[in-house]
Amino acid sequence: MADLDGDGWQDIYVAVDFTQNFLWINQGDRTFVDVAEACGADILMNDMGMSIVDYDDDGDFDLYTTNVYATELPLRHNAMLRNDSNGGSLAFSDVSRDVGLAKGAWGWGVTAMDADRDGLVDFAATNGFRSPIPGAGGSVPDDRSRLWLQDPSRPGTFDEVGREVKFADLFWGSNLISFDYDRDGDLDLLQSTMDEKLRLLDNRPLPGSAAEGHHYLVVAPRMFGPNKRAIGAVVRVTANGRRMTRLVSAGTSCLGQEPAEAFFGLGQAGTADRLEIEYPDGRRLVLFDVPGDQRLELWP
């Protein structure tokens, strides 16, 4: 759920296996209208995991879903639906091949994360499948987990570095979430699989690497009332000349949920120039010159 058309009401995007996806736009009167076909969000593949994130820092939310990668007809791939909406007119374009995010494997859980705290959104996905029926097939070549880092020299494009960062397992994946479990200022991964116990992967920047010197800011919006964790809040941070947007969501990945907080990599900047929270009830909170390397709980 996210407000995808900017009218203040929560909309619903549904990733569906074997048939087209749905985008239910909230009409503000307790009714919804499916506009997926009209706006280019009705991809017809085998969607599993989903992440809603502003990967290109243009202020609106894009949709990334995992799929079963196949080069034969019907073609299937992980789909990055870039939000090209203009005003209230919704439009999405599948740019997954152009930006380097198409080729996953047998995709399941996926998370959007700033793995190296440079302010750019990255993606990690867990894959895998083994048919319970002997001889039924279902294997996919190169079915390992993957991590895509956004290239700072070519913003909006990604390089797959799973092997280099030791996230290239061949387990039958399920859910995958990112969160800072040890509160050391970087995002770690929690992976559930069908054939192993939970796997907790600690993010440890290499000594002397650029990531080791990068700063961060974690923002946890909170509210009084039934929506204490401010689900649906949008958090925006400006630092290093970049305006980053994050969604506080109640669902992500594949049958999973991440903490109700927004993580921002600040790069070399020790301070965020501007922090803005748009709460789901329409109230706003704006702060300036916010020191980095801390977690803030903020109430309107």
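Biologist: Is histidine 77 buried or exposed in this model?
Modeller: The model is a predicted one. The relative accessibility of histidine 77 is 6%, and a residue counts as buried when this value is under 20%. Histidine 77 is therefore classed as buried.

Biologist: Where along the chain does histidine 77 lie?
Modeller: The residue belongs to neither of the two strands that flank it, strand 7 and strand 8 (79-83). Histidine 77 is placed in the loop between strand 7 and strand 8.

Biologist: With which side chain does the side chain of histidine 77 make a polar contact?
Modeller: Leaving aside neighbours within four places in sequence, histidine 77 is in contact with several residues, including Met45, Tyr69, Asp94 and Arg97. For one of these residues the contact is polar and joins the two side chains at 3.0 Å. The partner of histidine 77 is aspartate 94.

Biologist: In what order do the strands of the open sheet of four strands stand?
Modeller: The pairing in this sheet is antiparallel. Strand 6 (50-53) and strand 9 (92-94) each have a single partner strand, so they stand at the edges, and one side of each has no neighbour in the sheet. On average, neighbouring strands are turned by 20 degrees against each other, direction ignored. The order is 6-7-8-9.

Biologist: Which residue in strand 7 is the bridge partner of valine 53?
Modeller: Strand 6 and strand 7 (residues 62-65) run antiparallel and are joined by four bridges. One of the paired residues in strand 7, the bridge partner of valine 53, is aspartate 62.

Biologist: Is serine 145 buried or exposed?
Modeller: Serine 145 occupies the loop between strand 11 (122-127) and strand 12 (146-150). Its relative accessibility is 0%, and the limit for burial is under 20%. Serine 145 therefore counts as buried.

Biologist: Which residue's side chain makes a polar contact with the side chain of serine 145?
Modeller: Apart from neighbours within four places in sequence, the residues in contact with serine 145 include Ala125, Phe167, Asp169 and Gln191. The polar contact between side chains has a distance of 2.9 Å. The residue that supplies the other side chain is aspartate 169.

Biologist: Proline 152 also lies in a loop; is proline 152 buried or exposed?
Modeller: The loop in question runs between strand 12 and strand 13 (158-160). Proline 152 has a relative accessible area of 59%, and the class above 50% applies to such a value. Proline 152 is therefore exposed.

Biologist: What distance separates the C-alpha atoms of proline 152 and aspartate 118?
Modeller: Along the chain, proline 152 and aspartate 118 are 34 residues apart. In space, their C-alpha atoms are separated by 8.3 Å.

Biologist: Which strands stand at the edges of the open sheet of three strands?
Modeller: This sheet has the order 20-17-23, with mixed pairing. Each edge strand has a single partner strand, so one of its sides is left without a neighbour in the sheet. The edge strands are strand 20 (262-267) and strand 23 (295-298).

Biologist: Which residue in strand 23 stands opposite alanine 220?
Modeller: Strand 17 (residues 215-221) runs parallel to strand 23, and four bridges join the two. In strand 23, the residue opposite alanine 220 is glutamate 297.

Biologist: Which residue in the turn between strand 21 and strand 22 has a positive phi?
Modeller: Strand 21 (residues 271-278) pairs with strand 22 (residues 284-291) in the antiparallel sense over seven bridges. Among the bridged residues, leucine 275 has leucine 287 as its partner. The two strands form a hairpin with five residues between them, and a phi of about 100 degrees is found in the turn. The residue with this positive phi is glycine 282.

Biologist: Which residue of strand 21 is the bridge partner of valine 235?
Modeller: Strand 21 also pairs with strand 18 (residues 234-239), in the antiparallel sense and over five bridges. The bridge partner of valine 235 is isoleucine 277.

Biologist: What is the radius of gyration of the protein?
Modeller: The protein has two helices and 23 strands, and its C-alpha trace spans about 60 × 55 × 35 Å along the principal axes. For 300 residues, a compact globule would have a radius of gyration near 19 Å, and the protein agrees with this because its own value is 19 Å.

Biologist: What share of the 300 residues is buried?
Modeller: The protein exposes about 13,800 Å², of which carbon and sulfur atoms supply 54%. Buried residues make up a share of 52%.

Key. Residues numbered from 1 in each chain as written. Predicted model: local features only at pLDDT ≥ 70, side-chain atom pairs only at ≥ 80, totals over all residues. Heavy atoms only, no water. Pairing = 2+ DSSP bridges. Axes fitted to C-alpha atoms, helices over the stretch in contact; angles between N-to-C directions. Buried < 20%, exposed > 50% of the residue type's maximum accessible area, 1.4 Å probe, protein only. Polar contact = N/O pair within 3.5 Å; in protein donor to acceptor, adjacent residues only side chain to side chain. Contact = heavy atoms within 4.5 Å. Rg over C-alpha atoms; globule rule 2.2 N^0.38 Å. Areas by Shrake-Rupley, 256 points an atom, 1.4 Å probe, with all protein chains shown as cover.
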